[in-house]
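Biologist: I have just opened this one and would like a walk through it. Could you take my questions as they come?

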Amino acid sequence: MRTLVYTGFMSLDGVLDSPGGTEEGHRSGGWVVKDLEFVPEAWALKGEELSDTTALMFGRRSYEAFSSVWPASEDHASYKELPKYVVSSTLSDDDLVGGWGTTTILRTTEDIAKLKESEGGSIYIHGSAELARQLSEAGLIDQYNLLVFPVLLGAGKSLFHRADRDKQMLSLRESESYSNGILKLIYDVKP
């Protein structure tokens, strides 16, 4: 059985929207790089994840954003040949970026559940807030790797729905705080 890991940047009030500033629509876009001292060890989690990542998963919008930048990025060179899964009801094979490893389109949460039952290692979800919420509600995410930033954004896409739902317990695997106020929080989802 494969492990599905959500990894992302989050504001203290739970917003994931436009962390790098290149995304459309958020008035505070770029909040992970603006107004905050760069502390290299706060970003070490991203490097640590590389050794565990055997595949990447994206929602359509995140796939379109990342596939236009990551294939040529030296910082993301190790992702180039990894298998990729895009969850979308609208994309076709003609919409996929060539030269960026094998990419498979998944249509439903049932497709993702079947993928998790297959052989292989950890699949990491980057960005993809709507997909993460959908998979969380379906009980398909096994681990959350979060870098929580000392900022309140007030509005934007959130990792979790605000709707009433059953309680889900998490187990803290690892945590660390950094001098610039970023917190690393790694949680396993309890069955």
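Biologist: Let's start with S5: which of its residues lie on one side and which on the other, and are they buried or exposed?
Modeller: Ser122, Tyr124 and His126 lie on one side of S5 and Ile123 and Ile125 on the other, and all of them are buried, so to speak of its faces, both are covered. Buried here means under 20% relative accessible area, while exposed means over 50% and partly exposed lies in between, with a 1.4 Å probe and protein chains only. Strands are DSSP runs of E of at least two residues and helices are runs of H or I of at least four, numbered from the N terminus.

Biologist: Before we go on, what should I know about the model itself?
Modeller: This is a predicted model, in which local features need pLDDT of at least 70 and side-chain atom pairs count only at pLDDT 80 or more, whereas totals for chains, interfaces and linings use all residues. Residues are numbered from 1 along each chain as its sequence is written, and side-chain values use heavy atoms, with hydrogens and water left out.

Biologist: Where does S5 sit in the sheet, and what is the strand order?
Modeller: The sheet is open, has eight strands with mixed pairing, and follows the order S4-S3-S2-S5-S1-S6-S8-S7. Two strands count as paired if DSSP finds at least two bridges between them. The edges are taken by S4 (103-106) and S7 (170-177), each with a single partner strand, so one side of each has no neighbour in the sheet. On average, neighbouring strands are turned by 20 degrees against each other, direction ignored.

Biologist: And how many bridges does S5 make with S1 and with S2?
Modeller: S1 and S5 (residues 122-126) pair in the parallel sense over four bridges, with Leu4 opposite Ile123 and Thr7 opposite His126. S2 also pairs with S5 in the parallel sense over four bridges; there Ala55 has Ile123 as its bridge partner, and Met57 stands opposite Ile125.

Biologist: What about S1, how many of its residues are buried?
Modeller: Seven of the eight residues of S1 (residues 4-11) are buried, so this strand is largely enclosed by the rest of the structure. S1 also runs parallel to S6 (residues 143-149), joined by seven bridges, and one of the pairs is Val5 with Gln143.

Biologist: Switching to the inside, how many residues has the largest nonpolar core?
Modeller: That core has 24 residues, and those with the most contacts inside it are Leu4, Tyr6, Met57, Ile112, Leu135 and Leu159. A nonpolar core is a set of buried Ala, Val, Leu, Ile, Met, Phe, Trp, Tyr and Cys residues joined through side-chain atoms within 4.5 Å. The elements that give two or more residues to this core are S1, S2 (53-59), S3 (84-87), H3 (109-116), S5, H4 (129-137) and S6. H4 provides the largest share, four residues. A second, separate core has 14 residues, among them Trp70, Tyr79, Val86 and Ile105.

Biologist: Which residues of H4 are buried, and what do they pack against?
Modeller: Ala129, Leu131, Ala132, Arg133, Leu135 and Ser136 are buried in H4, and the buried residues of this helix pack against S1, S2, S3, H3, S5 and S6. Just after H4, Gly139 takes a positive phi of about 70 degrees.

Biologist: Which residues that are not glycines have a positive phi?
Modeller: Asp35 has a positive phi of about 60 degrees, and Ser128 has one of about 55 degrees, although neither is a glycine. Asp35 is in the loop between S1 and H1 (44-50) and counts as exposed at 81% relative accessibility. Ser128, in the loop between S5 and H4, is buried, with a relative accessible area of 7%.

Biologist: Last one: what does Thr53 touch?
Modeller: Leaving out residues up to four places away in sequence, Thr53 touches Leu82, Ser122 and Tyr124, where contact means heavy atoms within 4.5 Å. Thr53 belongs to S2 and is buried at 7% relative accessible area, and its side chain reaches the backbone oxygen of Glu49 at 2.8 Å.

Terms used
A polar contact is a pair of N or O atoms within 3.5 Å; within protein, one must be able to donate a hydrogen and the other to accept it, and residues adjacent in sequence count only if both atoms are side-chain atoms. Axes are lines fitted to C-alpha atoms, for helices over the stretch in contact, and angles run from 0 to 180 degrees between N-to-C directions.
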